[in-house]
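Student: Please take a close look at a single part of this model, beginning with one residue and working outward to the elements around it. I should like a connected account, with the confidence of the prediction kept in view.

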Amino acid sequence: KLPVPANAVEFVDYSGQRKSLELSATALVHGMRVLVADEWIETGAQVSAAIHLLEAQGAIIAGIITICMDSNEQTERLRACYPCFTCFT
């Protein structure tokens, strides 16, 4: 938990565990372009949660970069909405 005012979002990860992400309420400037990086995107739940936090603070998602992104309904929605760059598909 961050020791400053923060926005939070909960999600269920690839293993079925409930987790949460937090972002300081003053971390971004409205309109800032952000590249989201995650080493391996299996279900897309964690990246989707991060994007939710970023966009809620006015960020523009420039793209998603990862080593590998699995193919499923949620990752296909991410691919449709944002430029995605992977080493392996």
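Tutor: Let us begin with Cys 81, which counts as exposed because its relative accessibility is 58%, over the 50% cut-off. The model is a predicted one, and the mean pLDDT of the protein chain is 95, with 99% of its residues at 70 or more. Within the chain, confidence is highest in strand 3, at a mean of 98, and lowest in strand 6, at 90.

The sulfur of Cys 81 has its closest cysteine sulfur in Cys 84, at 9.1 Å, and this is too far for a bond, because a disulfide would need the two sulfur atoms within 2.5 Å. The structure as a whole holds zero disulfides. Cys 68 is likewise in no disulfide, the nearest cysteine sulfur being that of Cys 87, 9.0 Å away. In accessibility Cys 68 stands at 8%, and it therefore counts as buried.

The strands give the setting for these residues. Strand 5 (residues 60-69) pairs with strand 3 (residues 33-37) in the parallel sense, over five bridges. In this pairing Val 34 stands opposite Ile 61. Strand 4 (residues 40-41) also runs parallel to strand 5, and two bridges join them. Here Ile 41 faces Met 69 of strand 5 as its opposite residue. To pass from strand 4 to strand 5 the chain goes through helix 1 (residues 45-56), in a right-handed β-α-β crossover.

Strand 5 has a further parallel partner in strand 6 (residues 84-88), joined to strand 5 by four bridges. Ile 65 stands opposite Phe 85 of strand 6 in that pairing. The connection from strand 5 to strand 6 runs through helix 2 (residues 73-81), and this β-α-β crossover, too, is right-handed.

From the strands we turn to the packing. In soluble globular proteins, nonpolar side chains tend to be buried together. The largest nonpolar core of this model has 19 residues, and those that touch the most other members are Val 36, Val 47, Ile 51, Leu 54 and Ile 64. At least two residues come from each of strand 1 (6-12), strand 3, helix 1 and strand 5. Helix 1 gives the most, with six residues. Val 47 shows how the parts meet: beyond its neighbours within four places in sequence, Val 47 is in contact with Val 36, Asp 38, Ile 41, Ile 64 and Leu 78.

Two further residues complete the view around helix 1. His 52 belongs to helix 1 and is partly exposed, with a relative accessible area of 47%. Although His 52 and Ala 8 are 44 residues apart along the chain, their C-alpha atoms are separated by 9.5 Å. Gln 57 lies in the loop between helix 1 and strand 5. This polar residue counts as buried because its relative accessibility is 12%, under the 20% cut-off. Setting aside residues up to four places away in sequence, Gln 57 touches Asn 7, Leu 23, Ser 24, Ala 25, Ala 27, Leu 28 and His 30.

How values were computed:
Residues numbered from 1 in each chain as written. Predicted model: local features only at pLDDT ≥ 70, side-chain atom pairs only at ≥ 80, totals over all residues. Heavy atoms only, no water. Pairing = 2+ DSSP bridges. Right-handed = clockwise from strand over helix to strand, strands pointing away. pLDDT = per-residue confidence, 0-100. Core = buried A, V, L, I, M, F, W, Y, C linked by side-chain atoms within 4.5 Å. Buried < 20%, exposed > 50% of the residue type's maximum accessible area, 1.4 Å probe, protein only. Contact = heavy atoms within 4.5 Å.
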